[in-house]
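Trainee: I'm new to this one and would like a close look at a single part of it. Could you walk me through it slowly?

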Amino acid sequence: MSEYSKQIRRDAASAGKPRWSAIWLIYVREMKDQLRDRRTLFTIAVLPMLLYPLVGMLLLQIAQFTRQNETTVCIIGHENLPESPPLLVKSEDETRFSSDFGESAESLAVVTHAWDDLGGATEARENAEKWIRSGKFDVVVLAPESFKEAGGKIRGALPEGNASLPNLELMFNVGSDESVVTRGRMSALLTSWRANWINSRLTGVGIDPARLIPFEWTEKNVAPERTREAAFWSKLLPFIMLVWAMTGAFYPAIDLVAGEKERGTLETLLCSPALRSEIVWGKLATVTTFSMSTALLNAGSMLITSTLVFQHLNVGGGIGSVGSPPLVPMLWLLVALVPLSCLFSALALAVAAMARSSKEGQYYLMPLMMVTLPLVMLPMLPGTKLGIGTSLIPVTGMFLLARSLVEGQFGLALSFTPVVFLVTGGCLWFAARWARRQFENESVLFGSGDQWELGMWVRHLWRDRQTAATPAQAYGCGALILVSLFFARLTITEIPDSFSGIAKLVMMPQVLIVFPALAMATMFTTSVRQSLRLRMPHWTTLPIGLLFALAMHPTYVMLSKLVSGLYPISEQAALAMKPFSDQIAAAPWSSTLLLMAVLPAVCEEIAFRGFIFGGLVRDRGRVRAVLVTALMFGISHGVLQQSICASIMGVVLGWITLRTGSLLPCIIIHLTNNALSVSLSRISSSSWEGARLFLTETDAGPAYQPLWTLVGLAIAGTCLLYFGTIDSPIDESESPIASHHGDYTDPTKSLASAS
């Protein structure tokens with residue numbers, strides 16, 4: 001690099017912000033490169049124009065096929081069917097079902113056999129089963145002789161106490177789609193025939209069937225016109241746009257990073273006077289442009305094609321009318337498309353930076369799509385609507401906000417707009433920061449391209465062991481723990497009815513959490529103590545940690561109730577967990593503390609804030625270590641409400657671990673918090689009068705007095721400020737070049753002055 005280029009880069013770095021002119025130049029360069037690629041142009045512009053018309057043509061062909069396709073029904077014992085009302089109409093040419101019993105009769109061909117023609121009941125049933133399995137007939141109806149006898153009794157009254165009724169038997173094959181469809185048509189036809197039969201019998205004895213109907217009802221749809229028009233499209237179009245926004249971001253991101261690595265042009269760009277942040281913003285703008293273009297073109301093409309196809313097929317009418325989409329309200333979809341396209345583009349760019357080739361990039365981005373897709377599909381579930389709980393979910397909240405705007409619910413949308421944009425903006429900031437960090441890390445951009453070999457990899461793990469885990473080992477440990485917990489919970493079919501069974505149920509996940517961390521620390525590091533961060537911090541951090549846990553617990557209880565209010569526990573889940581709660585409440589207090597407080601505090605902290613945190617904090621990964629361990633810690637709790645609270649507390653515990661450099665304060669905080677949680681009901685129901693000063697009874701159980709909650713929050717905040725005054729240690733695990741052996745230096749040398 002020339003001195004002039006270096007000076008430009010230094011001047012830009014000293015300014016502290018990227019240059020818009022440089023970002024624009026990079027954006028124009030990347031756009032020109034992408035637009036020269038015929039495959040990109042075909043995917044973005046040509047494919048949407050061809051795909052949906054072809055799909056619409058296929059749907060029309062399928063609709064014609066289903067309309068013209070006639071299925072066959074065989075009736076064995078047609079001689080036992082009553083003559084009035086007639087089920088079958090016989091002519092010289094053929095026998096068909098009567099057209100008085102609905103549209104199902106027109107699509108069913110019928111073949112009749114008498115029982116005697118088939119050699120009796122046993123042989124007739126065997127033949128019927130063979131015909132169904134071979135596909136000769138789609139449904140076989142058996143009308144035994146008893147049907148005719150019982151049918152005659154319908155003219156009068158059945159004997160008192162006689163519950164026998166005429167019985168027909170339908171044979172069908174659930175493995176055949178045609179047989180299942182025919183069974184549905186035949187059921188509708190028989191239902192209509194039975195209704196006509198009842199009416200004729202009542203009329204025959206002088207009873208007007210209309211007098212037996214006690215009441216009728218009318219339906220009136222009071223939804224606004226805009227809501228009726230947008231009811232279908234407001235759910236379908238956002239889903240299509242977001243899926244294509246993800247797809248449109250993936251492949252340009254792969255080509256702009258992994259593709260340039262293969263072509264050898266990325267090094268040239270990185271050696272230019274442009275800052276890494278300017279390169280990231282330029283590439284991010286390019287990927288976002290293609291993401292939005294792909295989404296808009298696909299949504300527009302699908303909108304036009306589906307409208308014409310639905311009109312041709314006469315789809316609509318009634319409550320679920322499809323109709324033509326309202327074009328002006330659909331413009332509100334841009335509100336969701338712009339930030340979400342930026343978010344998907346930043347994530348795709350960050351993940352694509354890890355790939356060494358386009359093929360490898362596709363392997364990386366598919367898991368990213370699988371993780372994001374549930375957030376896009378969640379708003380499609382029935383009953384999911386915009387609220388304070390759903391507005392806090394990334395992607396889902398923006399999807400529901402756009403749907404509310406399309407349907408004209410401006411008051412609802414306006415009340416949750418700040419929350420949705422705050423959450424989306426935070427996710428976008430983290431994604432863009434991650435992408436920038438990826439481009440600033442040379443080991444990510446230009447990692448080793450050597451092929452992986454199992455034996456060499458195992459020798460490398462043993463020969464090059466360090467005092468702490470590597471980030472890859474930390475991620476592997478976390479993934480192993482979460483996968484083991486997932487399959488272990490699937491084996492639980494019912495809650496044990498004894499405390500010993502409850503103890504085994506609680507100990508099993510704790511063993512699955514701590515065992516991988518201990519095993520990997522023993523095999524892959526040179527110091528188990530340092531890899532698990534089992535270090536003695538300054539003595540003042542231990543009592544301060546205990547005080548923080550005592551003062552923070554009222555806020556934690558309030559947070560738990562708030563989360564339960566935002567995401568209520570279903571009645572089925574509450575009933576399923578009640579035996580567990582009853583056993584814990586009835587068990588001895590000391591046993592409960594050991595099982596629910598001491599054991600989780602030790603096992604979970606050793607795994608998450610010990611081994612995994614020590615690996616992720618390396619290479620200046622402090623933010624990564626705090627957030628990722630908090631997320632893993634939350635997911636390890638099987639209940640959603642517990643996972644949210646645990647993730648929030650995990651961030652606090654990770655920050656304390658980062659400041660103190662030790663695992664011990666977090667064990668004390670975790671243990672104290674769990675001990676108070678399992679003891680709160682016992683303290684509230686005890687005879688101790690002092691409990692009334694702190695606790696109060698509510699419908700949801702014991703809760704802290706509001707005054708004590710405020711006081712505790714103030715004390716907890718003071719404790720956090722104290723932890724912030726501690727010099728965060730730069731230990732061996734955080735250093736990019738770590739020695740294999742070394743002594744730990746006390747990170748709190750300045751505590752005396754801080755005290």
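Let me start with one residue: is Phe 486 buried, partly exposed or exposed, and what is its relative accessible area?

Mentor: Happy to. Keep in mind that this is a predicted model. Phe 486 is partly exposed, because its relative accessible area is 47%, and partly exposed covers whatever falls between the 20% and 50% cut-offs. Right beside it in the sequence, Phe 487 comes out at 51%, so it counts as exposed. These two rings pair up with each other: Phe 486 and Phe 487 sit edge-to-face, with 5.2 Å from centre to centre and 75° between their planes. The structure holds seven aromatic pairs, and the one formed by Phe 486 and Phe 487 is among them.

For a contrast, hop over to His 670. This residue lies in helix 27, which runs over residues 664-685. His 670 has a relative accessible area of 6%, so it is buried. What does its side chain touch? It makes a polar contact with the side chain of Glu 605, at 2.7 Å. If you skip the neighbours within four places in sequence, His 670 is in contact with Pro 600, Ala 601, Glu 604, Glu 605 and Phe 633. Phe 633 has another partner worth a look: the charged end of Arg 609 sits over its ring, 4.3 Å from the centre.

Now try helix 29, residues 706-725. With 20 residues at 1.5 Å a residue, it should span 28 Å, and its end C-alpha atoms are 29 Å apart, which agrees. Its buried residues are Thr 709, Gly 712, Ala 716, Cys 719, Tyr 722 and Phe 723. Looking down the axis of helix 29, you'd find those buried residues within an arc of 140°, so they line one face of the helix. Here's a handy bit of background: an α-helix has 3.6 residues a turn, so residues three or four places apart point the same way. Turned away from the buried side of helix 29 is a face with the exposed residues Pro 706, Leu 707, Leu 710 and Leu 721.

Zooming out, the protein chain has 30 helices and eight strands. It is made of 755 residues, and 44% of them count as buried. Take the contacts in the chain between residues at least 6 apart in sequence: 77% of those join residues at least 24 apart.

Terms used:
Residues numbered from 1 in each chain as written. Predicted model: local features only at pLDDT ≥ 70, side-chain atom pairs only at ≥ 80, totals over all residues. Heavy atoms only, no water. Helix = DSSP H or I, 4+ residues; strand = E, 2+ residues; numbered from the N terminus. Buried < 20%, exposed > 50% of the residue type's maximum accessible area, 1.4 Å probe, protein only. Polar contact = N/O pair within 3.5 Å; in protein donor to acceptor, adjacent residues only side chain to side chain. Contact = heavy atoms within 4.5 Å. Phe/Tyr/Trp six-rings, centres within 6.5 Å; stacked < 30°, edge-to-face > 60°. Lys NZ or Arg CZ within 6 Å of the ring centre and 35° of its normal. Expected span 1.5 Å × (residues − 1). Arc of directions from axis to C-beta.
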